[in-house]
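Reader: I have not seen this structure before. Could you take me through it by way of some questions?

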Amino acid sequence: MVLSKNFGGGHRGLQESMYSVISLLFILVACVEFCDAAAAIDVYRLIQYDMSGSAFGSRFAALNHHAASLHFPLGTDLSRTVLIIPLRELNITFVREYINQKKPLGGLLFLLPEIFNPGNGGNKQVHEREKLKNVLAELERLLIHANLPYAVYFAFENDEIDIVLADIKKNDATGQPATATTGGYKLVIPTPEPKKVASPTITNIQGWLSGLKADGDMNQLPTIAIVASYDTFGAAPALSVGSDSNGSGIVALLEIARLFSLLYSNPKTRGRYNLLFGLTSGGPYNYNGTQKWLRSFDQRLRESIDYAICLNSIGSWDNELWIHVSKPPENAYIKQIFEGFSKVAEELDIKVGLKHKKINISNPRVAWEHEQFSRLRVTGATLSQIPVAPELLESTGGLFDSRQFVNETAITRGVKLVAESLVRHIYGHQGKNVQIFADGGSLAVNPAYVQSWLDLLSRTPRVAPFLSKNDPFVMALKKELADHTDEVNLQHEILEGMFTFYDSTSTTLNIYQVASVTFDLVLLLVLGSYLIVLFCFLVITTRGLDDLISLFRRPPSRKVKTA
Amino acid sequence: MTMFHFFNCAILTFGPHAVYYSATTLSEYDTFGTSVKAALVYLGTVLVKLVCLATFLQVSENDGFDPYQELLKVLIGFIDVAGLYFALTQLTHRNISQIHKFQAVGLGWAFADSVLHRLAPLWVGAKGLEFTWDYILQGLEANANLVLSISLAALGSLIWLRKNKPKTLIPVIYACAGIVATMPSITSYLRRGLGWHFPEVVGFELFTSLVMAFFSWQLFSACQRPSA
C-alpha cells in the first residue's frame, strides 16, 4: 500500500517535470524564431507627404530586396536592389541624377554618422563635421522635394552594419551584384503599407502673466507677446529634433518666462504690462498654428497687444542677429523697438540689423512668424540669426540640425538681449544704462537651465502630425510654462490646408545573409552522390558486388523461360 | 534558406539511416520492428536522463568546463548504456541473427537520436532566410552519430549477448565500449574546455566514429571466428 502511494506520488512528480520540460522546449523553439538575422538595426523612414495634391517623399515602406553598395558594376539593373550609401561617401550629384532621371531602384538606405543621432550624447569631436552637416542638409533638401516610388530609410553607423557593408563592397568589387542566384545580403522590412495620418492635431500653448493694474484704472493693460514655434519638419520625422530651429527659440522663451515670473512675483516689482507667452505649432506649414491662435483671440486682447517678438533660430550665431519686420522701418513703433534692441545690443557687444520684407496678402507663403501678426494688424518682429527669409520647408529643423551645432552661450546672450530690451520698455528705462538681468545677480540668466532644456529638446523629435494631443512633451512644455505664468491654456486645432502626412516613421531592418540558388543545387548534387556512394558501399560490403550489379540488370533468365 | 535548404539538410541528416536500412541485409530480413522498438527505448532513456539531469545538475552561470558537473553528466550518460542493454537483451526480437540484431537496434537508436535532437532546430532554423553552415554540420554530426551508435550496439551485443569470447579480447571490448559510451562527454569537453568550434568538433566526431567503427568491426569478426 505504502509502496504504491509513493510510486503514485513519484509518477505525478515525473509528469510535472515532463510538462515543464516540454513547455521549456516550446519556449526555446519560439525564441529561436526571433534571433534569425545577421543584423537587426533601427531605421527611420523618409517622410511621406502630399502637398496640394502632389506626392512627395518616399511612397513605400516595405523592403524585401538584395543589398548593393556604391561600388556596383556599371550597367546593372538596380530595380530590385537596395543601395546602401554611407553619408561620408555620398556623391550628391549621383543621387540627384538618379532621382531626377527617375531611374528604377529597389530602395535606398543612408548611413549617418553617430553625431547626428539624437539619442547620442553628441559630444564627440568628429573630423570635418561642418562638411558632413552641409552634405546632409543638401541631401535632405533633395529628398524632401522629390517623389520616390521606393522605400528610403536612414540608419546610424554601428559595428554590425559596418561589417555587413564591408562584405557587400567586397562582393560588389568582384563584379557580381547580389541577386537570387549569386547570394549576398537581403534587407527585409516587413511593414504594411503606410496610411494617412487622419486629422493631425496642432497644439498651441499659451501662458499669461498679468501686469499690475493700478487701483481705479479701468483700462486694459497693454500686452507684449513673446512667441516661438516648437514643432519641426525634416527628412526623417523620427529624427527631426531641430536643436536650432526652433529648439533655441523655445529654450529662450522659457528662460525669459522664468526671469519675468521672478520679477512679476512681487507686486512691488510687477510691471504695467501683461506678458503673453506663446508656444505655437504648425510652424513649418506657413505658421498655420500661429494664425489659428491669433484668430481665437477676442478683439480687445488683440488690440491690446503692443507688439510681438517672435524667436526663431538663435542658437548658432557669433556676433550678428537680425530683426525682421514687415512694416516699413520708418514706422514709429518699429523704430522704437529697433532702437531699444540696438541700445542693449551695443552694451552686450552684439550687432543687430533690421530687415524689412513686405507681405503679399495674396501669397499664402508666410516666411516669418511675425507676418501672421502683421496680417491681423498687430505689430510684430522676428529675432533670428537667419539673414534671409527661408523658403517653404527650409530651416525647419531637419536631420542636420543636431545638438552639436548649437551654442548655449549664443542662446544665453540672445535671452539677455530680448529680456533687457523688454524690461526697459516695460519699466520705461529706455536709453538708461541699467542692467536688470545682470550676471551674478538673482535675476541672472541661468545657463544650466538653458543647457538642460536644450539637451531635452535635442532628444525629442517634434513633427506636428506625429505628436498626439496628449503627447508627454507637450504636457511637459505646458507644465513648465505653468510654473512661470499665472494661467496656461492649450488650444487644439486640426492641421488642414495643403499638407497630408503618412505614418510609419521608424521600424527595424533585418539583414539576412542568404545563399544563392546555385549553392543549394550544388549541395543537392553533392548530397545525392554521397547517398548513392554510401548505398553502393553498404551493398558491396554486406551483400557483395554481385548483388549491386544485379540490382541494375534485369534477370535475363525469365525472358528465356517465357519464350 | 527556405525549403530547398531545409530539404537538403534533411536528406543529409536522415537519408543515411534510410540508405543503411535498404542497402544492407536488414531489409531482406524485415528487421523494421526491431528498429522501431529500439527507437521507443531510446525515447524512454532520454526522458529518464532529462529527469535525472534536471534533478541533480546545477545550472552554472559561465559556460566553462566544470569537472564535477561533467562527471555527473558522464554518470548520467551511462543511463544511455543501460537503455541500450535493455533494448538488446530484454526486448523480444524475432528469430534474427546477432549481426542483424545489433545493426537494427543501433539504427533505430541513431534515428531516434537524430529526430529528437536535430529535427526541431532544422525545421525552425533552416527554413529562415538567414544562411548558416550550422545545419549542414549538424547533418554530418548525425552521420557520425549513426556510425557510433551502430558500433556501440555491436560492442554491447558482444558484451551481453555473446557468451564465449576469447579471454584476451574482453578488456579491449570493454575499453572500446567505454570510449564510445563517453563520446558525448568528450565532445562537450572539447567544445567548452578547449574552446573548439563546431566544424572542428564535427570533424573530430566523424574521424573517431570511423576509427571506432573499424575497431568494433575487427573485434566483432574476431569474436565470430570461434563460433563460425
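Author: What follows is a set of questions and answers on a predicted model.

Reader: How many helices and strands does chain A have?
Author: The model is predicted, so the counts describe a computed chain. In chain A, the secondary structure consists of 15 helices and 19 strands.

Reader: What percentage of the residues in chain A is buried?
Author: A residue counts as buried if its relative accessible area is under 20%. Chain A has 563 residues, and the buried share of them is 50%.

Reader: What share of the exposed area of chain A do carbon and sulfur atoms supply?
Author: The area that chain A exposes is about 26700 Å². Of that area, the part supplied by carbon and sulfur atoms is 55%.

Reader: Among contacts in chain A between residues at least 6 apart in sequence, what percentage joins residues at least 24 apart?
Author: Contacts between residues fewer than 6 places apart are left out of this figure. Of the contacts in chain A that remain, the percentage joining residues at least 24 apart is 83%.

Reader: Are helices α11 and α12 of chain A roughly parallel or roughly antiparallel?
Author: Helix α11 covers residues 447–457 and helix α12 covers residues 472–484, and their axes come within 12 Å and cross at roughly 160 degrees. Angles over 145 degrees count as roughly antiparallel. The pair α11(A) and α12(A) is therefore roughly antiparallel.

Reader: Is the crossing of α11(A) and α12(A) left-handed or right-handed, and how do the contact residues divide by class?
Author: The crossing of α11(A) past α12(A) is left-handed. From α11(A) the contact takes A:Tyr449, A:Trp453 and A:Leu457, and from α12(A) it takes A:Phe473, A:Ala476, A:Leu477, A:Glu480 and A:His484. By class, these residues are 6 nonpolar, 1 polar and 1 charged.

Reader: How are α2(A) and α3(A) oriented, and which classes of residue make their contact?
Author: Helix α2 (residues 92–100) and helix α3 (residues 129–144) of chain A have axes 11 Å apart, at an angle of about 0 degrees. That angle makes the two helices roughly parallel. A:Ile92, A:Val95, A:Arg96 and A:Ile99 of α2(A) meet A:Glu138, A:Leu139, A:Leu142 and A:Leu143 of α3(A). The contact has no polar residues, and the others are 6 nonpolar and 2 charged.

Reader: Is A:Arg129 in helix α3 of chain A buried or partly exposed?
Author: Buried requires a relative accessible area under 20%. A:Arg129, a residue of helix α3, has a relative accessibility of 21%, so this residue counts as partly exposed.

Reader: How are α13(A) and α1(B) oriented to each other?
Author: The axes of α13 (residues 517–542) of chain A and α1 (residues 2–23) of chain B come within 9 Å and cross at roughly 5 degrees. Their contact has 18 nonpolar, 5 polar and 1 charged residues. Among them are A:Leu527 and A:Phe535 of α13(A) and B:Ile11 and B:Val19 of α1(B). Angles under 35 degrees count as roughly parallel, and the two helices are therefore roughly parallel.

Reader: Which residues does A:Lys213 contact, leaving aside its neighbours within four places in sequence?
Author: A:Lys213 sits in the loop between β10 (201–209) and β11 (223–229) of chain A and is partly exposed at 45% relative accessible area. The C-alpha atom of A:Lys213 is 6.6 Å from that of A:Arg272, 59 residues apart along the chain. Outside those neighbours, the residues in contact with A:Lys213 are A:Asn219 and A:Leu221.

Terms used. Residues numbered from 1 in each chain as written. Chains lettered and ligands numbered in written order. Predicted model: local features only at pLDDT ≥ 70, side-chain atom pairs only at ≥ 80, totals over all residues. Heavy atoms only, no water. Axes fitted to C-alpha atoms, helices over the stretch in contact; angles between N-to-C directions. Helix = DSSP H or I, 4+ residues; strand = E, 2+ residues; numbered from the N terminus. Parallel < 35°, antiparallel > 145°, perpendicular 65-115°, else oblique. Left-handed = near helix turned anticlockwise from the far one by under 90°. Contact = heavy atoms within 4.5 Å. Nonpolar A, V, L, I, M, F, W, Y, C, P; charged D, E, K, R; others polar. Buried < 20%, exposed > 50% of the residue type's maximum accessible area, 1.4 Å probe, protein only. Areas by Shrake-Rupley, 256 points an atom, 1.4 Å probe, with all protein chains shown as cover.
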